[in-house]
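Please walk me through this structure in the viewer. Tell me what to select at each stop and what is there.

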Amino acid sequence: MTVLLELANIDVHYGAIHALRGISFSVAEGEIVTLIGANGAGKTTTLRAVSGMLKPTNGSIKYSGADIAGLKPHKLVARGLCHAPEGRGIFPNLTVRENLLLGAFLRRDTQEIAKDEAKGFALFPVLKERAAQPAGTLSGGEQQMLAIARALMARPKLLLLDEPSLGLAPQVTETIFRIIEEINKAGVTILLVEQNAHLALGIAHHGYVLETGTVVQSGTGQELLKSPEIRKAYLGE
């Protein structure tokens, strides 16, 4: 399989705090890869380093073979690398549709943008119903759907998803995960950070376990689900 994303010996510092310590892993084209770990393990920091929100202090990040460490986020969006951040990052005073169209701000192909907007509404029918509403009036689950749909408007090759189930009811979480699988089957590679280890590993081709800024375990999603250490630490068994 073609490697789409490769991190090698990445260090990230927040001032004196050494947040990532020599992290290395890869994501192959067409895969869902998940990062799991406790709060503060470095999962969100890893995504921020990949998407250009943080500059690594050491190591390389290669995307489609080119080193992208330290490139600005908008440059990466133009290359097909998009990030739906933790906390959703929607604009509450703009309408649902206006938020959605912001995802296509680098594009000029008006007809194709309209097609992708229709696809987003087909994927998340509730957004179509609420298209003219201020995004701040949506429920938490609907806001998460909007964040994902907005990222898809940039036509990503690689989609970074940070805690898509955070604060959502179990039924809504299951819907979000079903849609993540659909997006992947449509050809989008996904790097997923998720607190719900059981669901995340259940849909992942590969997983990496982070502890205090280091990768401590890796394997296929199914291998990690069967691991006694993982079952005890993350699945409450």
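Select strand β1, residues 3–14, together with β2, residues 17–28. The two strands pair in the antiparallel sense, over eight bridges. To see one of the partnerships, pick Leu5: the bridge partner of Leu5 in β2 is Val27. The model is a predicted one.

Now add β4 (58–63) and β5 (66–67) to the selection. With these, the open sheet of four strands is on display, in the order β2-β1-β4-β5 and with antiparallel pairing. β2 and β5 are the edge strands, each pairing on one side only.

Next, show helix α1, residues 43–50. Helix α1 lies across β1, β2 and β4, and its direction runs at about 115° to that of β1.

Leave this sheet and go to the other one. Here six strands form an open sheet, and their order is β6-β7-β8-β3-β9-β10. The pairing in this sheet is mixed. At its edges are β6 (81–84) and β10 (214–220), each of which pairs on one side only. On average, neighbouring strands of the sheet are turned by 15° against each other, direction ignored.

Zoom in on β6 and on strand β7, residues 158–162. They run parallel and are joined by four bridges. Select Leu81 to find one of these positions: the bridge partner of Leu81 in β7 is Leu158.

Which strands does α7 touch as it packs on the sheet? They are β3 (32–36), β7 and β8 (189–193). The direction of α7 makes about 150° with that of β8.

Keep α7, residues 170–185, and add helix α6, residues 140–152. The axes of the two helices come within 10 Å and cross at roughly 10°. Because angles under 35 degrees count as roughly parallel, α6 is roughly parallel to α7. To view the contact, select Gly141, Gln144, Met145, Ile148 and Leu152 on α6, then Val172, Thr175, Ile176 and Ile183 on α7. By class, this contact has six nonpolar residues, three polar ones and no charged ones.

The last stops are pockets. Start with the largest pocket, which has a volume of about 440 Å³. Which residues lie nearest its centre? Val77, His83, Pro85, Phe105 and Arg150 do, out of a lining of 19 residues. The elements that give two or more residues to this lining are α2 (73–78), β6 and α6. The largest share comes from β6, with four residues. Coloured by class, the lining of the largest pocket shows 13 nonpolar, five polar and one charged residues.

Finish at the second largest pocket, which holds about 320 Å³ of space. Select Lys119, Leu123, Leu152, Ala186 and Val188 to reach it: of the 13 lining residues, these lie nearest the centre. α4 (110–123), α6 and α7 each supply at least two residues of the lining. How many residues does α4, which gives the most, supply to this lining? α4 supplies four residues. By class, the lining of the second largest pocket divides into eight nonpolar, one polar and four charged residues. One residue here has been selected before: Leu152 is part of the contact that α6 makes with α7, and Leu152 is also among the residues nearest the centre of the second largest pocket.

Notes
Residues are numbered from 1 along each chain as its sequence is written. This is a predicted model: local features need pLDDT of at least 70, side-chain atom pairs count only at pLDDT 80 or more; totals for chains, interfaces and linings use all residues. Side-chain values use heavy atoms; hydrogens and water are left out. Axes are lines fitted to C-alpha atoms, for helices over the stretch in contact, and angles run from 0 to 180 degrees between N-to-C directions. Angles under 35 degrees count as roughly parallel, over 145 as roughly antiparallel, 65 to 115 as roughly perpendicular and the rest as oblique. Contact means heavy atoms within 4.5 Å. Ala, Val, Leu, Ile, Met, Phe, Trp, Tyr, Cys and Pro count as nonpolar, Asp, Glu, Lys and Arg as charged, and the others, Gly among them, as polar. Two strands pair if DSSP finds at least two bridges between them. On a 1 Å grid over the protein atoms alone, a cavity is a set of points where a 1.4 Å probe fits but cannot get out, and a pocket is an open set with protein on both sides within 12 Å along at least five of seven lines; lining residues have an atom within 4 Å of a point. Grid points are joined across faces, edges and corners, and a volume is the space filled by probe spheres set on the points.
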